[in-house]
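Q: I would like to learn how to read a structure feature by feature. Could you take me through one?

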Protein chains: 2
Amino acid sequence: MNNKEKLTQHISQQFNQDLEAVRSNFLAMGGLVEQQVLDAMKALVDVNVELAEAVIKNDSRINRMEIEVDEELMRIMALRHPAASDLRLVVAIGKSVTDLERIGDEAFKIARATVALYKEGESPRGYAEARSISARVSEMLHDVLDAFARFDAKAAFEVMKADSYIDREYEAAMRSLITYMMEDPRSISRILNVMNVLRSLERVGDHARNIAEQLIYMVQGIEARHTDYDEIERRLSQI
Amino acid sequence: MNNKEKLTQHISQQFNQDLEAVRSNFLAMGGLVEQQVLDAMKALVDVNVELAEAVIKNDSRINRMEIEVDEELMRIMALRHPAASDLRLVVAIGKSVTDLERIGDEAFKIARATVALYKEGESPRGYAEARSISARVSEMLHDVLDAFARFDAKAAFEVMKADSYIDREYEAAMRSLITYMMEDPRSISRILNVMNVLRSLERVGDHARNIAEQLIYMVQGIEARHTDYDEIERRLSQI
């Protein structure tokens, strides 16, 4: 091996290490965000204000991680000029890290609603719906991060499809809570707190779906945003 | 001028043209998104279902523009390896185009709420609040796009500060609507529709703020996300 080859190999190893490091930091951030959503929901269901406050406090860690991941991506783009699938990885992580941070914001909001419900008194309804949607949304988030770790575009497509189910469950839950509000107007303020939790969960599902779309693009170069499921399925089946 | 110089100049002119083109397409998309928010609010206030339906239909144009801008950015990164402030421009547009598309989604939701209110009957309250918040939010959006066109980081910082004002106005409006709901439970469903409009407007403000943060980063290299106003102000004043 001559010097130039050694240098090229060295550069390329360093490059792969940088990409691997940023992907690993992105996934670590994903793990923390996932835990925040689980803790926020546990705090809500157990009426555990200490846990809710821990979630609120932890949010700044997620914010810092977002900035760190973006800085690493910037450094990689400036110094290493990634191309083809490496560039798609950089772009997909750059978009997805924003979604992770916003999921963190929703966990923060759920924790804040938990504190409000502790002060105002529990809502007479909505916990069963929140638990059910939360279980599905947490699964979506877990699955999309797992798919990210495995570069699995087909698993990402399953996450996209799961989001439609959540949207329907969310709409049904909202309708039943509106009916309950009308029957018992004194509960309005407390039920609105639970509605905010449901809305946050629904948004976590949207963000998980956004990450899934980026993952499909990253792995297969297929634009999954604003695209029919049939079209995505057809293109994924051709690979 | 020798051939190499000519080639370098040619490449650099082409590069600047590409950057200029993507910035101009981003701003054109911003103009359309701004119009969508204005039209959605006009449709709400005038109970104009045709206009609301036009907003709903237009949303797919915004979605296409998002994908086009991202494709252009990808091409620039793959072929031209932008560095320093050019790279920051590419990254800032890549983040901000997502916010523009989400603002488009909020205009879509306002238009959908308008159709629902037309079917269910108008809400007895909330229009004055929606009009007031909408005027401020539209101004923020206009100002941040204008600042983007002029590379004006200080104007972007003013947009960030305006968002805090909107958050307070939004909270006050929600509280007064909750009180009204309790007084007149038959209005709950219609008031919830107006609450959804207020929430969409508040989110438009958040997205305009995100774009402002990206703009400050693009022009001055200052990280404005998750950063105290005093710190941003101090750093902007040193420039």
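A: Gladly; we will go from the relation of the chains to their interface, then to helices, salt bridges and aromatic pairs. Keep in mind that this is a predicted model.

Q: How is the relation between two copies of a chain described, and what rotation superposes chain A on chain B?

A: Two copies of a chain are related by a rotation about an axis and a shift along it. Here, chain A is superposed on chain B by a rotation of 180 degrees with 0.0 Å of shift along the axis, and the RMSD is 0.0 Å. That is the relation of a two-fold axis. The same surface serves both copies, since 100% of the contact residues of chain A recur in chain B.

Q: How is the size of an interface given, and how much area do chain A and chain B bury between them?

A: The size of an interface is often given as the accessible area lost when the parts come together. Chain A and chain B bury about 3000 Å² between them, with 61% of it on carbon and sulfur atoms. Of the area that chain A buries against chain B, 18% is supplied by A:M74, A:R102 and A:H226, more than any other three residues supply. The contact takes 37 residues from chain A and 37 residues from chain B.

Q: How many salt bridges are found across the interface of chain A and chain B?

A: There are 8 salt bridges across that interface. In one of them, the side chains of A:D70 and B:R225 meet at 2.9 Å, N to O. Both residues also belong to a network of salt bridges that links A:E66, A:D70, B:K95, B:E223 and B:R225.

Another salt bridge is formed by B:R102 with A:D99, whose closest N and O atoms are 3.8 Å apart. B:R102 lies in helix α3 (residues 84–120) of chain B and A:D99 in helix α3 of chain A, so this pair joins two chains. B:R102 and A:D99 are both buried.

Q: Where do B:E20 and B:R23 lie?

A: Both are in helix α1 of chain B, 3 residues apart, which is about one turn of the helix. Their side chains meet in a salt bridge at 3.5 Å, N to O. B:E20 is partly exposed, with a relative accessible area of 40%, whereas B:R23 counts as buried at 9% relative accessibility.

You can read B:K161 and B:E158 in a similar way: their salt bridge has its closest N and O atoms 3.4 Å apart. They are 3 residues apart in helix α5 (residues 153–183) of chain B, separated by about one helical turn. B:K161 is partly exposed at 29% relative accessibility, and B:E158 is partly exposed with a relative accessible area of 46%. Over all chains, the count comes to 37 salt bridges.

Q: What span should the 37 residues of helix α3 of chain A have?

A: At 1.5 Å a residue, they should span 54 Å, and the end C-alpha atoms are 54 Å apart, which agrees. As 26 of the 37 residues of α3(A) are buried, the helix is largely enclosed by the rest of the structure. After α3(A) comes A:G121, whose phi is positive, near 100 degrees.

The 24 residues of α4(B) pass the check too: the expected span is 34 Å and the end C-alpha atoms are 34 Å apart. Buried residues in α4(B) include B:Y127, B:I133, B:M140 and B:F148. B:F151 follows α4(B), with a positive phi near 55 degrees.

Q: How is a pair of aromatic rings described, and how far apart are the ring centres of A:F157 and A:Y229?

A: A pair of aromatic rings is described by the distance of the centres and the angle of the planes. Over all chains, the count comes to 4 aromatic pairs. The rings of A:F157 and A:Y229 have their centres 5.9 Å apart and their planes at 85 degrees, so the pair is edge-to-face. This pair links distant parts of the chain, with A:F157 in helix α5 and A:Y229 in helix α7 (residues 229–237) of chain A, 72 residues apart. A:F157 counts as buried at 3% relative accessibility, while A:Y229 is partly exposed at 25%.

Q: What are the distance and angle for the rings of B:F26 and B:F148?

A: Their centres are 4.7 Å apart and their planes are at 45 degrees, so the pair is tilted. B:F26 in helix α1 (residues 3–46) and B:F148 in helix α4 (residues 127–150) of chain B are 122 residues apart, so to speak a link between distant parts of the chain. B:F26 is buried at 0% relative accessibility, and B:F148 is buried with a relative accessible area of 0%.

Conventions
Residues are numbered from 1 along each chain as its sequence is written. Chains are lettered from A and ligands numbered from 1 in the order in which they are written. This is a predicted model: local features need pLDDT of at least 70, side-chain atom pairs count only at pLDDT 80 or more; totals for chains, interfaces and linings use all residues. Side-chain values use heavy atoms; hydrogens and water are left out. Rings of Phe, Tyr and Trp (its six-membered ring) pair if their centres lie within 6.5 Å; planes under 30 degrees apart count as stacked, over 60 as edge-to-face and the rest as tilted. Helices (H or I, at least four residues) and strands (E, at least two) are DSSP runs, numbered from the N terminus. Buried means under 20% relative accessible area, exposed over 50%, partly exposed in between (1.4 Å probe, protein chains only). Copies are superposed by least squares on the C-alpha atoms of residues with pLDDT of at least 70 in both. Contact means heavy atoms within 4.5 Å. The expected span of a helix is 1.5 Å times one less than its number of residues. Buried area is the accessible area (1.4 Å probe) that two parts lose on being put together, summed over both. A salt bridge is a side-chain nitrogen of Lys or Arg within 4 Å of a carboxyl oxygen of Asp or Glu.
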